[in-house]
Amino acid sequence: MAGRINDDDVKAVRDAVPIDAVVSEYLQLRNAGGGNLKGLCPFHDEKSPSFHVSPAKGLYHCFGCQEGGDTVDFVMKIDHLSFAETIERLASQAGITLRYEEGGYTPGRQQGERTRLVEAHKAAAQFYVEQLDSPEAEIARKFLAERGFDQSAAQHFGVGYSPAGWDHLTRFLRGRRFSDQELVLSGLSQEGRRGPIDRFRGRLMWPIRDIAGEVVGFGARKLRDDDNGPKYLNTPETPIYRKSQVLYGIDLAKKEIAKTNRAVVVEGYTDVMACHLAGVTTAIATSGTAFGEGHIKILRRLLMDNSGSEVVFTFDGDAAGQKAALRAFEDDQKFAAETSIAITPGGMDPCDLRLAKGDQAVADLVEARTPLFEFALRHVVSRHNLDTTVGRAAALDEAAPIVAHIKNSSIQHESAVQLAGMLGILDTQFVVKRVAQLARWARERGRDGGPAQGRQQQRHGQPPAAEQARAAPGPRGPALNLRSPAHRVERELLKLALQRPDLVSPAFDAYGADEFTAPPYAVVRQCIEDAGGAVAGAADQGFVPRVREAAPDDTVRAMVTELAVEPLHTRRDPDVAYAGVQLVAVRLAAVNQRVTEIRGTLQRLGPRAEPDHLAAVQNELWVLQQYGQSLRERGYAAL
């Protein structure tokens, strides 16, 4: 049975690893105000950033899909790890040595599967790097040199060499206490007639890292004529490697992609190396598969889908390259970024281009890019006989929808005029109107439902759930309409109690659960009390985690996280005056509700009520009415 990680060590790991540093490994974060950050959610598709991170609280919450939690929750969710695996990974990053209870810790036995496979790949990558210096690897070093890559380039990208024998790596990893089952599961070894043998033998090796920088697979290049395998051999699908969800070089390029709002997609490992060495440090490549949906999601989170971002595809000018470019154009609408294409001259890839003409030629190639829609447009038009009326009409029918899908309206209009010229149609306005009509129909289809509708609801970074009904967590009650002013102000007060308890204590702690008319908010208020109240929160940075621990279930815990991260509804920094307004509004709403209830009681009692009882009820009504009047006139001073 796996040993339990010491509680103090778990706490030390949580405290040592800032959540914004971890999340930034997977997506670009920008200032959201109030000390918070925001980005595109990695857990669902969205056009506007609704994923918020609070570094001060160590929490994240997506207002689109409602995912939320702390650093550990984020890593567990995004990398599909167990709790123990996550703590082990974060501890390794923070340089913390973990202690294990219940019988101690046996390395190699009590770690999670993913952690073990990642460690095996890390060890294999180092093994391959060391082998590149061996006499046998002369052929590999020659291959690199012939393509313009020196020793420092190989080191920068972690390029290595796999020995030609049957089981060199397998024996090495066995010596590191990895089991045969782990080696086969990792894809580093494969079953032979007498046990596991190395999958990669006598090849040049590129480590493939995920966006967090961990080695999850390898790309291996054939070097010898007697090697009967394919030219490139990649790691098979494993629990940690999905080729449709990995981009080679993303670990090196991600910061520059986020900084420059541009990504350059090339076709091979050597092309990535050539681009980076030529100064195009936003270059990435797929690993033995076409550029697809999973790759798009990775880039969108880094580019933030702003209108100024761009994805540049580089393809050879041959038929295969043109086909790949058109396939990329099919995915164009999945980006908010503009997409462009850079056609390499003479069929040369970026690696060949750098070797033949130098670094500047590679940089110039990217700068001389053409919008992908224009490339697709010319390709479509070229298939028709424009010397005939029928040919021009057919070309217009096929090309107009391409122009109609251009996201930038001004570019769309100019392209429609350009299309008319390409087709030789003198009535330019006819083409422009045709394109505008198709674009309008596309927008109307989007408004009728589907993803476009959801994106409209999230255009301000707020979820549909923040504008529609929300089911009550904890005690079940009627659906909660957050458009209700009373409920909105209760929400704001709870946010203050969690985010700025110093502004609402000690007054907040005197509020009863009945003063929160929304059942889920009453539960959260109770959690705050159980964690020591706002007074305790004002002096303790660990307050919010204690409130989350006090939650009776995951639903309430998620709401606490959401409230702790959601921006306050004030353009300025919140102060005592702002907090006082919220405190008074909640108290006044509770007083008004009680007044309404008492008036109903008086009506039911009628004139035949017992005098003493009637007088007591009337006196309570009078006191509440006076208190309500005082709250309206004196505000916070009347609390």
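In what order do the four strands of the open sheet run, and is their pairing parallel or antiparallel? In this predicted model, the order is S8-S11-S12-S13 and the pairing is antiparallel. The edges of the sheet are formed by S8 (160-162) and S13 (232-234); each has a single partner strand, so one side of each is left without a neighbour in the sheet. From one strand to the next, the twist averages 35 degrees.

Within this sheet, seven bridges join S11 (residues 203-209) to S12 (residues 215-222) in the antiparallel sense. A handy landmark for the eye is Pro207, which stands opposite Phe218 in S12. Helix H6, spanning residues 138-146, packs on the sheet and touches S8, S11 and S12. The direction of H6 makes about 70 degrees with that of S11.

Helix H3 offers a second point of interest. Along this helix (residues 71-79), the buried residues are Thr71, Val72, Phe74, Val75, Ile78 and Asp79. These residues lie on the same side of H3, because they cover an arc of only 160 degrees around the axis. The general geometry of the α-helix helps in reading such a pattern: with 3.6 residues a turn, residues three or four places apart point the same way.

Both ends of H3 deserve a look as well. At its start, a side-chain oxygen of Asp70 comes to within 3.2 Å of the backbone nitrogen of Val72, and Val72 is itself among the buried residues of the helix. Just after H3, His80 adopts a positive phi of about 55 degrees.

How values were computed. Residues are numbered from 1 along each chain as its sequence is written. This is a predicted model: local features need pLDDT of at least 70, side-chain atom pairs count only at pLDDT 80 or more; totals for chains, interfaces and linings use all residues. Side-chain values use heavy atoms; hydrogens and water are left out. Buried means under 20% relative accessible area, exposed over 50%, partly exposed in between (1.4 Å probe, protein chains only). Helices (H or I, at least four residues) and strands (E, at least two) are DSSP runs, numbered from the N terminus. The arc is that of the directions from the helix axis to the C-beta atoms. A polar contact is a pair of N or O atoms within 3.5 Å; within protein, one must be able to donate a hydrogen and the other to accept it, and residues adjacent in sequence count only if both atoms are side-chain atoms. Two strands pair if DSSP finds at least two bridges between them. Axes are lines fitted to C-alpha atoms, for helices over the stretch in contact, and angles run from 0 to 180 degrees between N-to-C directions. Contact means heavy atoms within 4.5 Å.
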